[in-house]
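Let's take a walk through a structure made of helices. Keep the 3D view open as you read.

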Amino acid sequence: MPQLDTSTWFTMILSMTLTLFILFQLKVSKHYYPENPGPKSVKSTSKHIPWEDKWTKIYSPLSLPPQ
Amino acid sequence: MGLPIAVLIVMFPSILFPSPNRLINNRLISIQQWLIQLTSKQMLMIHNQKGRTWALMLMSLIMFIGSTNLLGLLPHSFTPTTQLSMNLGMAIPLWAGTVITGFRHKTKASLAHFLPQGTPLPLIPMLVIIETISLFIQPMALAVRLTANITAGHLLIHLIGGATLALINISATTALITFTILVLLTILEFAVALIQAYVFTLLVSLYLHDNT
C-alpha cells in the first residue's frame, strides 16, 4: 500500500505543518470583521487629575516668586 | 533547488487565499471573508469562551482540507490528503491538544468521560476499558477516515474513466452509460471533498467541546 511507505512521511508532515499552522493562520488572522458603527459618548475620556480640581491662588502669575 | 515538489504542492492552496490588506478588498477576498464568517458562526455556536479561542485553528483547518480536496479533483493532480502521514500529522496533535486542554482545565470532568452515567456496578471495569479504547481510537479514525474517503473516490474515478475509454471501441452505448456514471461520480466527489473537510473540522470541534 503506497501510503505505508514511511520514506516520504517526514517531508509530508513537515510541509503540512508549515502550511497549516503558519501560512493559513497568518492569512486567516488578517481577516477583519468590523463591528457595527454605533454612537460615541460625547463626554471626554481624559483622566481625572486631582490637582486640576481647584485652581488655587498660588498659581496666579503675579503671586509666584520672581524668577 | 533540491526541494521535493510535494512541499510546493502542499503549500499551493495558500496562494489561492490572498491576505486582505486594504479597508475595502477585492471580490475574491471579500467572498472568502464572507464564507469564513459563515462557517465560523455555524461552527463556533456550540462552544463557550474557552473553546472559541480555537476559532483560528478550526477555520484554517477547514479551509486547508477543503481547498486541498477540491484541487485534487483536477486531472493529473496530487492530493496531499491522500497521504496517511499528513492526516495523522493533523489528527494526532489536534486531538491531543483537545484532550490535554480538558485535563488541564476540568480534570475531574474529563476523567469522568470514561464512565457513562448509570452503569451497573459489575460492568464498570469493562466499560472503562472500552471507553479508553474508544478515546484512543479517535485520532486514528479521524486520519484514516479522511485518507480512505479521498483515496477511494479518486480510485473510483480512475477505474470508471478507464473503463469508459476502453468501452468506446467495443460498444458506444455502454460507454455512454459508463460516462454518465462518471459524471455523477464527479459530482459526488465534489460533495465528498467539502464534506470530508467539514467532518474533520466538526469532529475536532466536538472533541474540543467535550473538553472545555
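What follows goes from the meeting of two chains to the packing inside one of them.

First, some ground rules: this is a predicted model, where local features need pLDDT of at least 70, side-chain atom pairs count only at pLDDT 80 or more, and totals for chains, interfaces and linings use all residues. Residues are numbered from 1 along each chain as its sequence is written, chains are lettered from A and ligands numbered from 1 in the order in which they are written, and side-chain values use heavy atoms, with hydrogens and water left out.

Start where chain A meets chain B. The contact (heavy atoms within 4.5 Å) takes 22 residues from chain A and 36 residues from chain B. About 2,700 Å² is buried between the two chains, and carbon and sulfur atoms give 77% of that; buried area is the accessible area (1.4 Å probe) that two parts lose on being put together, summed over both. How many salt bridges does the rule find across the interface of chain A and chain B? It finds zero, counting a side-chain nitrogen of Lys or Arg within 4 Å of a carboxyl oxygen of Asp or Glu.

Now for the helices, which are DSSP runs (H or I, at least four residues) numbered from the N terminus. Two packed helices are described by the angle between their axes and the distance between the axes. The axes are lines fitted to C-alpha atoms over the stretch in contact, with angles from 0 to 180 degrees between N-to-C directions.

Helix H1 of chain A (residues 9-29) and helix H4 of chain B (residues 84-105) have axes that come within 8 Å and cross at roughly 45 degrees. H1(A) and H4(B) are therefore oblique to each other, the label left for angles that are not under 35 degrees (roughly parallel), over 145 (roughly antiparallel) or 65 to 115 (roughly perpendicular). On the H1(A) side, the residues that meet H4(B) include Trp9(A) and Met12(A). The residues of this contact divide into nine nonpolar, two polar and no charged.

H4(B) also packs within its own chain. Its axis and that of helix H6 of chain B (residues 124-168) come within 8 Å and cross at roughly 145 degrees. Among the H4(B) residues meeting H6(B) is Trp95(B), and Pro139(B) is one of those on the H6(B) side. This contact has 14 nonpolar residues, three polar and no charged.

Elsewhere in chain B, helices H2 (residues 27-44) and H3 (residues 55-71) have axes that come within 10 Å and cross at roughly 120 degrees. H2(B) and H3(B) are therefore oblique to each other.

Finally, look at Leu203(B) in helix H7 of chain B (residues 172-211). Leu203(B) touches Leu142(B) and Arg145(B), leaving aside residues up to four places away in sequence.

Methods: Helices (H or I, at least four residues) and strands (E, at least two) are DSSP runs, numbered from the N terminus. Ala, Val, Leu, Ile, Met, Phe, Trp, Tyr, Cys and Pro count as nonpolar, Asp, Glu, Lys and Arg as charged, and the others, Gly among them, as polar.
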